[in-house]
Amino acid sequence: MSAGGSGDMTQPVARFEDLVITYPSARGSLKAVDGVTLEVVKGEFLGLVGESGCGKTTLALTLLRMNEPGKVTGGSVKVEGIDLLSLDADALRRFRWEKVAMVFQAAMNTLDPVKTVESQIVETIVQHSQETKEQARAKVQGLLELVSIDPARAKSYPHELSGGMRQRVVIALALCLSPDILIADEPTTALDVVVQAGVMRTLKALQAKLGVTTILITHDISIMNGTADRLAIMYAGKIVEVGPTQQVIADPQHPYTQALLGAVPAIGSGTTVVKGIPGSPPDLISPPAGCRFAPRCPYAFDRCTKEEPPLVGDGKDMVACWLRTK
Ligand SMILES: Nc1ncnc2c1ncn2[C@@H]1O[C@H](COP(=O)(O)OP(=O)(O)OP(=O)(O)O)[C@@H](O)[C@H]1O
Ligand SMILES: [Mg+2]
């Protein structure tokens with residue numbers, strides 16, 4: 001992990017190229033990620049946003065090669081130029097935690113209830129590195145300070161901590177081997193609004209202080225304002241819009257992004273602004289032809305239900321919508 005600044009904002013640290021991840025299921029195979037091409041820039045704070053079931057976690061888990069029972073059935077994924085699909089089990093083990101660490105969805109509820117914060121951090125470091133218990137113990141205070149927890153809480157058990165503090169401990173655990181990339185999967189979903197804002201501020205401060213590339217996954221686009229540098233909007237296994245956060249929020253190009261922001265007219269109503277999106281995402285075992293959002297889109301026209309719109313733009317701002325494509 002490089003120190004200081006918000007990193008070199010031009011170099012890709014990770015790249016998904018036409019990636020396809022397929023899960024087996026009793027009703028047939030399901031492409032949870034279907035042709036995703038996306039670059040993560042070194043040192044950036046990237047928000048990955050979309051409704052439940054759109055493939056956010058599946059895409060992020062690919063950076064740890066933790067796709068089972070899913071399989072990579074197309075495309076590639078590279079981190080710092082290394083093709084992850086070519087790594088053997090040993091190389092992968094080193095890669096996880098040291099290069100990429102993840103705060104898993106609902107991880108704050110999986111802290112070991114009979115171990116103190118300190119012993120959980122020490123155990124994690126010893127398990128995943130060559131360091132001794134003494135060396136690991138010496139790191140605990142600094143890690144807790146990084147996530148704004150009073151180091152005196154090192155001797156606390158998880159049940160003695162608030163939800164926000166437990167989530168901070170989980171973030172400290174993910175950072176304990178100084179990863180280059182930190183993935184946080186819905187880290188604030190279970191928290192109230194004030195605590196949520198505090199955890200977001202901590203993540204932002206970590207990105208600035210450590211230069212750690214941060215990927216934050218959420219269904220709630222509103223928490224990204226002022227935190228993420230860029231947003232990637234995902235719908236039904238595909239990226240439908242990517243761009244600088246302020247621009248995407250102020251001037252969303254894809255009707256799905258507009259809907260996530262609560263700013264799309266209800267179908268047939270013309271002017272009514274709706275909260276929440278009518279309808280539900282498609283079944284990924286047999287997704288609709290054309291644009292997958294078309295069945296819920298108030299602007300859909302003939303072409304949308306027949307041809308899939310490509311993700312196009314100037315490389316910085318990209319959108320997959322026939323309304324925006326000549
Ligand atoms: N282990 C699995 N086996 C089979 N299907 C799976 C598995 N994990 C996820 N899926 C399916 O893959 C699709 C994408 O799931 P994923 O968990 O990646 O979405 P998500 O965007 O992270 O959703 P959420 O916001 O609910 O966490 C869903 O249709 C889901 O049912
Ligand atoms: Mg998820």
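How many aromatic pairs does a search of the whole structure find? The search finds three. The model is a predicted one, and this briefing covers an open sheet of four strands, a cluster of rings formed by Tyr-235, Tyr-256 and Phe-293, and a charge placed over the ring of Trp-322.

**Aromatic cluster**

- Tyr-235 and Tyr-256 make a tilted pair, with 4.5 Å centre to centre and 55 degrees between the planes.
- Because Tyr-235 belongs to strand S9 (residues 230–235) and Tyr-256 to helix H8 (residues 255–260), this pair ties together parts 21 residues apart in sequence.
- Tyr-235 also pairs with Phe-293: the ring centres are 5.2 Å apart and the planes stand at 80 degrees, so the arrangement is edge-to-face.
- That second pair links distant parts of the chain, 58 residues apart, since Phe-293 lies in the loop between H8 and strand S11 (312–313) while Tyr-235 is in strand S9.
- Tyr-235 is buried at a relative accessible area of 2%, Tyr-256 is buried at 0%, and Phe-293 is buried at 2%.

**Open sheet**

- The four strands follow the order S2-S1-S4-S5 and pair in antiparallel fashion.
- Strands S2 (30–41) and S5 (82–83) are at the edges; each has a single partner strand, so one side of each has no neighbour in the sheet.
- Strand S4 (residues 71–79) runs antiparallel to S5 and is joined to it by two bridges.
- Lys-78 is placed opposite Asp-83 in S5.

**Charge over a ring**

- The charged end of Arg-303 sits over the ring of Trp-322, at 3.6 Å from the ring centre.

Definitions and conventions: Residues are numbered from 1 along each chain as its sequence is written. Chains are lettered from A and ligands numbered from 1 in the order in which they are written. This is a predicted model: local features need pLDDT of at least 70, side-chain atom pairs count only at pLDDT 80 or more; totals for chains, interfaces and linings use all residues. Side-chain values use heavy atoms; hydrogens and water are left out. Two strands pair if DSSP finds at least two bridges between them. Rings of Phe, Tyr and Trp (its six-membered ring) pair if their centres lie within 6.5 Å; planes under 30 degrees apart count as stacked, over 60 as edge-to-face and the rest as tilted. Buried means under 20% relative accessible area, exposed over 50%, partly exposed in between (1.4 Å probe, protein chains only). A charge sits over a ring if NZ of Lys or CZ of Arg is within 6 Å of the ring centre and within 35 degrees of the ring normal.
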